[in-house]
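This report describes the sheet, the helices that lie across it and the surroundings of the ligand. Please consult the sequence and structure shown below.

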Amino acid sequence: LTSQDLAGEHLLVTAGPTRERIDPVRYLSNDSSGLMGYALARAARQRGAQVTLVSGPTALPAPLGVNLRRVESAAQMLDAVLATLPAATLVIKAAAVADYRPCQMAAQKLKKQQMAAPSLALEKTPDILSQIAACKGDRLVVGFAAETERLLEHARDKLERKGLDLIVANDVTQAGAGFECATNIVQILHADGRCEALPCLTKWAVAHALLDRLVALRCQRAVD
Ligand code: PMT
């Protein structure tokens, strides 16, 4: 029988990409499949947590026993996250949120016959993780860092800047890591300076390894 070591916890986990609309048929997005976030949702549910999964567009089936909220854009993901946050005790942001969106969405499909190639004016999307961390209270908050260079330096900077308890760094240029594949190769950075490098594992195993760290942090807090 699986340990119920997350009983009494409510995990809010985000997964998948966001889509930022250019017009009704085009958008900016990325390669996230949702596999990492959905594995976290299923693993936490199996360990007794109540789970809310806020998911961008993916091809994955809804995990059993999980409260699934489907969204499309970063703005919608922020709204869904903020609506669930008061009930959440643990937050893991595995979603690959688009950092930029078009300043304006065209109401109709842009027609190439009618104009020269348009230039796209972009603005920043809201940083959901920073907003969560700013009002984290007793919650444990975990981010992911998808990097293509200087993995640990960028991940440590995000952990500190966003005020996180843990950050999971993955070098998305490595074979067997990051977007779309069934495995991941991660390093888990702690707020106290520790860094643990895990071998190439299935996303399911990475999910359990991360949840183990959260259980340990909870126990440590109870003692402190
Ligand atoms: O979905 P898969 O195909 O399984 O792929 C898994 C993954 C590569 C998407 C996952 O392992 C991962 O790395 N997720 C985070 C990707 C990402 O957006 O990283 P980032 O370094 O750009 O963002 C850092 C953190 O801030 C992330 O927790 C992100 O959710 C959060 N963020 C980013 C931008 C923004 N506007 N709001 C946010 O909350």
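**Helices across the sheet**

Across which strands does helix α4 lie, and at about what angle does it run to β9? In this predicted model, helix α4, formed by residues 151-162, lies across β9, β10 (166-171), β12 and β13. Its direction is at about 150 degrees to that of β9.

Helix α1 lies across another set of strands, namely β1 (10-15), β4 (50-55) and β6 (90-93). The angle between α1 and β1 is about 165 degrees.

**The sheet**

Eight strands form an open sheet with mixed pairing, in the order β5-β4-β1-β6-β9-β10-β12-β13. The edges are occupied by β5 (67-70) and β13 (195-197); each has a single partner strand, so one side of each has no neighbour in the sheet. From one strand to the next, the twist averages 15 degrees.

At the β13 edge, strand β12 (residues 186-190) runs antiparallel to β13, and three bridges join the two. Ile 188 stands opposite Glu 196 of β13.

**Surroundings of the ligand**

The ligand is surrounded by 27 residues, of which Ser 33, Leu 35, Ile 128, Leu 129 and Phe 144 are the closest. Two or more residues of this shell come from each of α1 (35-46), α3 (128-134) and β9 (140-147). Strand β9 makes the greatest contribution, with four residues.

By class, the shell comprises 14 nonpolar, eight polar and five charged residues. Two of the contributing elements also appear in the arrangement described above: β9 is a strand of the open sheet, and α1 lies across β1, β4 and β6.

Notes: Residues numbered from 1 in each chain as written. Predicted model: local features only at pLDDT ≥ 70, side-chain atom pairs only at ≥ 80, totals over all residues. Near = placed C-beta within 6 Å. Nonpolar A, V, L, I, M, F, W, Y, C, P; charged D, E, K, R; others polar. Pairing = 2+ DSSP bridges. Axes fitted to C-alpha atoms, helices over the stretch in contact; angles between N-to-C directions. Contact = placed C-beta atoms within 7 Å.
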